[in-house]
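Here is a short note on the model under review. The points run from the overall layout down to single residues.

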Amino acid sequence: MRILDPTDERVPVRRSLAARPEGLLGTVGLLDINKARGDVLLKRVQQRLNELLPNVAVKYYRKLTPARPAADDLRQQMLQECDFVIEGLAD
């Protein structure tokens, strides 16, 4: 697999994918960054996860604004409560 970086790299940096688990167990956190229709996207992701992985818990989180990083307390909460996080944005 070749991963392309959209920045103006004259010599692309070689990257590899992180190791993937054999199965998915635990809790998946969905982080809505508070952009328009991001909630629509993540609600659909949550629906599909529930259909495909009924034994996996799904938790929904939302940032206060898309313009700033997630607050420290929200990041700590996700770290304590989730095994995986999916961040979604849309417009």
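1. A word on terms comes before the layout: helices (H or I, at least four residues) and strands (E, at least two) are DSSP runs, numbered from the N terminus. On that basis, the elements run β-α-β-α-β from the N terminus on. That makes two helices and three strands in the chain. Please keep in mind that this is a predicted model.

2. Next, the chain totals. The chain has 91 residues, and 23% of them are buried. Its accessible surface comes to about 7,200 Å². Carbon and sulfur atoms account for 53% of that surface. Take the contacts between residues at least 6 apart in sequence: 69% of them join residues at least 24 apart.

3. How do β1 and β2 pair? The sense is parallel, and the pairing extends over six bridges. Between them the chain passes through α1, and this β-α-β crossover from β1 to β2 is right-handed. For a point to check on the display, look at L30, which stands opposite Y60 in β2.

4. The length of α1 can be tested. The helix covers residues 38–52. Its 15 residues should span 21 Å at 1.5 Å a residue, and the end C-alpha atoms are 21 Å apart, so the two values agree.

5. Which residues of α1 are buried? They are G38, L42, Q46 and L49. These residues cover an arc of only 70° around the axis, so they lie on the same side of α1. The general rule is that an α-helix has 3.6 residues a turn, so residues three or four places apart point the same way. As for partners, the buried residues of α1 pack against β1 (27–32), and also against β2 (57–62) and β3 (84–88).

6. Two backbone angles deserve a look. N34 is found in the loop between β1 and α1. Its phi is near 75°, a positive value in a residue other than glycine. Is N34 buried or partly exposed? With a relative accessible area of 23%, N34 is partly exposed, because buried means under 20%.

7. R37 is found in the loop between β1 and α1 as well. R37 is not a glycine, yet its phi is positive, at about 70°. The relative accessible area of R37 is 53%, so this residue counts as exposed, for which the cut-off is over 50%.

Terms used. Residues numbered from 1 in each chain as written. Predicted model: local features only at pLDDT ≥ 70, side-chain atom pairs only at ≥ 80, totals over all residues. Heavy atoms only, no water. Buried < 20%, exposed > 50% of the residue type's maximum accessible area, 1.4 Å probe, protein only. Contact = heavy atoms within 4.5 Å. Areas by Shrake-Rupley, 256 points an atom, 1.4 Å probe, with all protein chains shown as cover. Expected span 1.5 Å × (residues − 1). Arc of directions from axis to C-beta. Pairing = 2+ DSSP bridges. Right-handed = clockwise from strand over helix to strand, strands pointing away.
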